[in-house]
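Biologist: Thanks for sitting down with me over this one. Shall we go through it together, one question at a time?

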Amino acid sequence: MRLSRRRFLVRGIWSMCLLLLSFCGQSVTQAEGQLRAVVDREKCNGCETCVDICPEVFAIEDERAVVKLDPLPARLKDCAVEAAGECMAGAITTVEG
Ligand code: SF4
């Protein structure tokens with residue numbers, strides 16, 4: 001009876017360790033694939049298209065766009081890339097790294 005309780009505890013602890021290791025592995029993978037957005041304020045004309053497309057990432061300050069988050073959370077990568085593609089001034093660059 002004691003032995004089976006001990007085995008049960010060891011298995012439970014081992015399962016928790018494996019679970020923690022899998023979470024650590026996921027966060028490392030996400031950190032490796034981080035995306036950054038950069039605005040060239042010399043090129044920016046302040047049209048606000050990027051803000052319309054991705055307001056969580058871009059804002060207007062002093063009549064030019066700025067990036068509010070660096071690096072970007074994974075959930076905002078698609079809208080930042082879309083905003084970069086729609087910027088007619090070519091002022092937004094997205095960089096993986
Ligand atoms: S879309 Fe381009 S030009 Fe327009 S505000 Fe954003 S960065 Fe500036």
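Biologist: Let's begin with Ala-83: leaving aside its neighbours within four places in sequence, with which residues is Ala-83 in contact?

Modeller: Happy to, and please keep in mind that this is a predicted model. Setting aside everything within four places of Ala-83 in sequence, the contacts that remain are Cys-50, Ile-53, Cys-54, Phe-58 and Ile-92.

Biologist: Which residues have the most contacts inside the largest nonpolar core?

Modeller: That core has 15 residues. Strand E1 (35–39) and helix H3 (77–86) each supply at least two of them. As for the most contacts inside the core, the residues are Cys-50, Ala-80, Ala-83 and Ile-92.

Biologist: And which element gives the largest share of this core?

Modeller: In soluble globular proteins, nonpolar side chains tend to be buried together. Here the largest share amounts to 3 residues, and the element that gives it is H3.

Biologist: Turning to the ligand, which of the residues around it come nearest?

Modeller: The shell around the ligand has 9 nonpolar, 3 polar and 1 charged residues. Of these 13 residues, the nearest are Cys-44, Cys-47, Cys-50, Ala-65 and Cys-87.

Biologist: Now the backbone: which two residues does a cis peptide bond join?

Modeller: Most peptide bonds are trans. In this model there is a cis one, with omega about 0 degrees. Its proline, Pro-71, sits in the loop between strand E3 (64–67) and H3. The two residues joined are Asp-70 and Pro-71.

Biologist: Is Glu-48 buried, exposed or partly exposed?

Modeller: Glu-48 belongs to the loop between E1 and helix H2 (49–53), and its phi is positive, near 75 degrees. Buried would need 20 or more other C-beta atoms within 10 Å, and exposed 12 or fewer. Glu-48 has 14, so the class is partly exposed.

Biologist: What about Glu-63, buried or exposed?

Modeller: Glu-63 is another residue other than glycine with a positive phi, near 70 degrees. Its place is the loop between strand E2 (58–61) and E3. Because Glu-63 has 10 C-beta neighbours inside 10 Å, where 12 or fewer is the limit, the class is exposed.

Biologist: To finish, in what order do the elements of the protein run from the N terminus on?

Modeller: There are 3 helices and 4 strands to place. Among contacts between residues at least 6 apart in sequence, 58% join residues at least 24 apart. Read from the N terminus on, the order is α-β-α-β-β-α-β.

How values were computed:
Residues numbered from 1 in each chain as written. Predicted model: local features only at pLDDT ≥ 70, side-chain atom pairs only at ≥ 80, totals over all residues. Near = placed C-beta within 6 Å. Nonpolar A, V, L, I, M, F, W, Y, C, P; charged D, E, K, R; others polar. Core = buried A, V, L, I, M, F, W, Y, C linked by C-beta atoms within 7 Å. Helix = DSSP H or I, 4+ residues; strand = E, 2+ residues; numbered from the N terminus. Contact = placed C-beta atoms within 7 Å.
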